[in-house]
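Subject: Structure for your review

Dear colleague,

Please find below the structure that I should like to hand over to you. My notes on it follow directly after it.

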Amino acid sequence: MTTLLIKNAYIVTMDDHQREIPGGGLFIRDGFVEQVGQAASLPQDADEVLDLEGFVVLPGLVNTHHHFYQTLTRAVPAAQDANLFNWLTTLYPIWARMNPEDIFTSAQTALAELALSGCTTASDHLYLFPNGSRLDDEIAAAREIGLRIQASRGSMSLGQSQGGLPPDSVVDSEDSILRDSQRLIQQYHDPRPGAFVQIVLAPCSPFSVTSDLMKQSAQLAREYGVHLHTHLAETEDEEQFCLQRFGHRPVGYMQAVDWVGDDVWFAHAVWVNTEEIQVFAEHKCGVAHCPTSNMRLASGIAPVKEYRLAGVNVGLGVDGSASNDGSHLLAEVRNAMLVARVKEGLTGYSLSNDPNRRLMTAREALYLGTRGGAAVVGRTDIGSLEPRKCADFFAVDLNRLGFTGMHDPVSAIVFGQPVNVDYTVVGGKFIVKEGQLCTVDERKLIEKHNRAAKRLLEG
Ligand SMILES: [Zn+2]
């Protein structure tokens, strides 16, 4: 039995009442929150006591979409100014050179960056397995860093010779994809509250996977009760591809291959119409909104306000590190708020008196990053600070230059410049303490990662 007491902080619970507790605290036992409230009302003794006066404490952020391996190919000159399809075709041959050690090292790097930005649970979508790489390599990295992972077994089976976008050298046979998916579920998937590893099946996108693999992946996932994830309606190019190849728009294609339900979440979902938003709402599909990537690749702006009004669960994702080009989830919260306001301004929201048409608030953006993300990946044990939930949270010291003159401790961390957090705790265990990573040597990781990245580019 181990206990941890956090006291005298400004606690943002993200519970159903959106309670915020100045002078509050958390009492944690064996990795779960036991009590939340005024610091004076909590037990005063614990194995470890941390006084966080002057800090704001929030539930750990949930990252709903990422490709960890792309930390190795950030800001590649030939892909800096490309749209999605050109960006992909430039990078596929470089990614084809990765080995298992590269997958491990890049996953450690992305997870360390995420931890420093307040993330405690990360979904990752790995869909290339060159030179003997396996999903196991990134799961091992997550276990070392100490973040929870929704490890998505991605796949590509539709190569160029069959009309797909990726070169044939990076696609796999459907038999081997399904066999490996089943092995991973059996070996790693933990459905219990407090799970550190959950497996997700995630064929990559309509333009890199056959309809048959989509259907068979859905069937396999439902046999085992694991979730499904894919890229959808990211760009207009994809819409054209789907209409030409399948005779459907992307959302209609998902319905045709049995990919709708509360066990499905889609990355991006930018290019959707009003009826398609209703399809997501009716079937309870979730959306991973990745504002930085959508801006970086000029993909468009997802209709987040419309999704929320329709009752669709929306979470945030940093997306792959080659289209962001970072893994800072708190920065994503900020960009989600700002880009929503760009869209709202363009459609006249800011001039409207309708309460449903007000600008996205900082607290709403934080909700997307916490409760929203938890709902999207199908977890009820994370996303808020309440009794019986996982003791996953981050803390930011407000006593820093960039926050001077801020008149709201919660909005400060969204309106203000994105900062690295001071504490990140997962299951009651410190991953970041006093601004430093506790579970990995940051300098050594940077050196190892840079060596791998250089080797990949040089071929
Ligand atoms: Zn992606």
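Does Thr121 count as buried or exposed? With a relative accessibility of 0%, Thr121 is classed as buried, because buried means under 20% relative accessible area. Please bear in mind throughout that this is a predicted model.

Thr121 belongs to strand E7, which covers residues 119-126. Setting aside residues up to four places away in sequence, Thr121 touches Leu61, Val62, Asn63, Arg148, Gln150, Ile382 and Asp392.

The zinc site

The model contains a zinc ion, which is coordinated by three histidines, His65, His67 and His231, each through its NE2 atom, and by Asp319 through OD. These donors lie at 2.1 to 2.4 Å. How are the donor residues spaced in sequence? The pattern reads H-x1-H-x163-H-x87-D. His231 is part of strand E10 (residues 227-232), whereas Asp319 sits in the loop between strand E13 (314-316) and helix H11 (329-346), so this pair ties together parts that are 88 residues apart in sequence. Both His231 and Asp319 are buried.

The angles among the four donor atoms run from 87 to 172°, and the site is irregular. A tetrahedral site would need all angles between 85 and 135 degrees, so the upper value of 172° rules that description out.

Two packed helices

Helix H11, which follows the loop that holds Asp319, packs against helix H12 (residues 362-376). The angle between H11 and H12 is about 130°, and their axes are 9 Å apart. That angle makes H11 oblique to H12, and the crossing of the two helices is right-handed. On the H11 side the contact is made by Leu330, Val333 and Met337, and on the H12 side by Ala362, Ala365 and Leu366.

A residue that meets both helices

Two of these contact residues, Leu330 of H11 and Leu366 of H12, are also in contact with Ile413. Ile413 lies in helix H13, residues 409-415. Its relative accessible area is 2%, so Ile413 is buried. Leaving aside neighbours within four places in sequence, the other residues that Ile413 contacts are Val56, Leu58, Phe394, Val396, Leu398 and Phe403. How far apart are Ile413 and Leu366 in sequence and in space? They are separated by 47 residues in sequence, and their C-alpha atoms are 9.5 Å apart.

Yours sincerely

Methods
Residues numbered from 1 in each chain as written. Predicted model: local features only at pLDDT ≥ 70, side-chain atom pairs only at ≥ 80, totals over all residues. Heavy atoms only, no water. Donors = N, O, S within 2.8 Å, 3.2 Å for Na, K, Ca; no water. Tetrahedral: all angles 85-135°; square planar, octahedral: opposite > 155°, others 65-115°. Helix = DSSP H or I, 4+ residues; strand = E, 2+ residues; numbered from the N terminus. Buried < 20%, exposed > 50% of the residue type's maximum accessible area, 1.4 Å probe, protein only. Axes fitted to C-alpha atoms, helices over the stretch in contact; angles between N-to-C directions. Parallel < 35°, antiparallel > 145°, perpendicular 65-115°, else oblique. Left-handed = near helix turned anticlockwise from the far one by under 90°. Contact = heavy atoms within 4.5 Å.
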